[in-house]
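This briefing covers one helix, some backbone features and the salt bridges of the structure shown below.

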Amino acid sequence: MIRKLALIAVLAAIAGGLAFYVLTMPQTLPRDVLAAMPDGDAARGETVFWAGGCASCHAADDAEGDDKLKLGGGHVLASDFGDFVVPNISTDEAHGIGGWTKGDFANAMARGVSPQGAHFYPSFPWTSYARMEMADIADLWAFMRTLPAVDTDPGPHRLGFPFNIRRGVGLWKLLYAGSGPAVALDTDEEAVLRGQYLVEGPGHCGECHTPRDFAGGPKKDLWLAGAPNPEGRGRIPNITPGGPIASWSQADIAYYLESGFTPEFDSVGGSMVDVQENMAKLPAEDRDAIAAYLKAIPAHGDGD
């Protein structure tokens with residue numbers, strides 16, 4: 001009887017291990033999707049670069065001017081799961097992504113999978129970038145190839161068990177990942193739809209402005225309703241029509257993104273400074289579209 005129970009336990013462990021292995025397998029883009037990707041246009045890619053806020057995390061914390069295009073990483077994102085160290089994404093082949101192919105880049109952006117076939121942690125906002133169009137990813141790749149190489153190694157993430165087991169991210173993806181819209185909007189207004197694409201996709205605004213559950217998954221029923229600052233300082237504001245910007249007009253929001261000034265003549269502060277400076281580099285119609293979207297989404301009280 002004891003031997004039978006032991007055998008059953010061993011078989012159950014093997015079955016559980018196999019199930020975990022299969023369920024957590026990284027899923028890359030289909031070959032036909034990669035083959036159909038255009039070459040990309042670096043000029044258009046620069047707009048995608050600023051919309052995506054790449055420099056805000058990957059450039060040095062004190063970078064100004066052209067130094068914002070030196071993407072050597074090193075910034076530390078503190079969280080309840082440990083410290084995520086922002087990687088080098090410059091064209092350096094040893095420490096950056098200089099040895100990647102366009103397909104490698106597309107899989108990282110759209111599927112959160114590395115060239116070595118490992119899961120990227122969602123501290124890299126591929127969860128939002130997965131909503132991007134392949135043409136925009138190709139354009140961004142073309143622009144990234146024009147940027148300087150930075151010979152620095154930021155080092156690995158500092159995570160404890162079990163969060164240091166990357167394979168487990170596969171289970172997280174089953175629960176939270178997807179390329180569908182974050183909110184359903186009953187509209188065919190071009191500006192609102194463009195704003196939805198920018199906010200939910202490259203702009204990845206929901207990564208900070210949406211509260212998260214115990215596993216770090218976004219609470220989409222409180223989309224953009226604000227959240228505690230994961231780094232422990234202050235609070236990320238509610239940017240739905242039920243939050244502090246409820247009284248702002250669409251023009252007020254667009255002007256804030258352009259200038260950094262609120263309707264009350266206050267100025268942008270904290271980590272939003274970098275975001276606003278990025279948004280100021282976008283075409284005016286894109287800032288207007290973002291504002292139109294933020295006025296169209298459901299209103300919420302402040303998130304958890």
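Helices and strands here are DSSP runs, a helix (H or I) having at least four residues and a strand (E) at least two, numbered from the N terminus. The model is predicted. Under that numbering, Phe265 lies in the loop between helix H11 (250–259) and helix H12 (272–279).

**Backbone features in loops**

- Phe265 is not a glycine, yet its phi is positive, about 70°.
- Phe265 counts as exposed because its relative accessibility is 76%, the cut-off for exposed being over 50%.
- Leu224 is another residue other than glycine with a positive phi, in this case near 65°.
- The loop that holds Leu224 runs between helix H10 (206–209) and strand S4 (227–228).
- Leu224 has 0% relative accessibility and therefore counts as buried, since buried means under 20%.
- The peptide bond joining Phe161 and Pro162 is cis, with omega about 5°.
- Pro162 sits in the loop between strand S3 (158–159) and helix H8 (169–176).

**Helix H5**

- Helix H5 spans residues 102–111 and is mostly covered, with eight of its 10 residues buried.
- The buried residues of H5 are Gly103, Asp104, Phe105, Ala106, Asn107, Ala108, Met109 and Ala110.
- Those buried residues pack against three helices: H2 (31–35), H6 (126–129) and H7 (134–144).
- Gly112, just after H5, has a positive phi of about 65°.

**Salt bridges**

- The count of salt bridges is eight.
- Arg44 and Asp139 are one such pair, with an N to O distance of 3.0 Å between their side chains.
- This pair links distant parts of the chain, with Arg44 in helix H3 (residues 42–52) and Asp139 in helix H7, 95 residues apart.
- Asp139 counts as buried because its relative accessibility is 3%.
- Asp67 and Lys70 also form a salt bridge through their side chains, at 3.2 Å from N to O.
- Asp67 is partly exposed, at 38% relative accessible area, and Lys70 is partly exposed too, at 42%.
- In the salt bridge between Lys68 and Glu277, the closest N and O atoms are 2.8 Å apart.
- That pair, 209 residues apart, links distant parts of the chain: Lys68 is in the loop between helix H4 (54–58) and strand S1 (76–79), and Glu277 is in helix H12.
- Lys68 has 12% relative accessibility and so counts as buried, whereas Glu277, at 30%, counts as partly exposed.
- Lys68, Asp274 and Glu277 are joined into one network by salt bridges that share partners.

Note on methods. Residues are numbered from 1 along each chain as its sequence is written. This is a predicted model: local features need pLDDT of at least 70, side-chain atom pairs count only at pLDDT 80 or more; totals for chains, interfaces and linings use all residues. Side-chain values use heavy atoms; hydrogens and water are left out. Buried means under 20% relative accessible area, exposed over 50%, partly exposed in between (1.4 Å probe, protein chains only). Contact means heavy atoms within 4.5 Å. A salt bridge is a side-chain nitrogen of Lys or Arg within 4 Å of a carboxyl oxygen of Asp or Glu.
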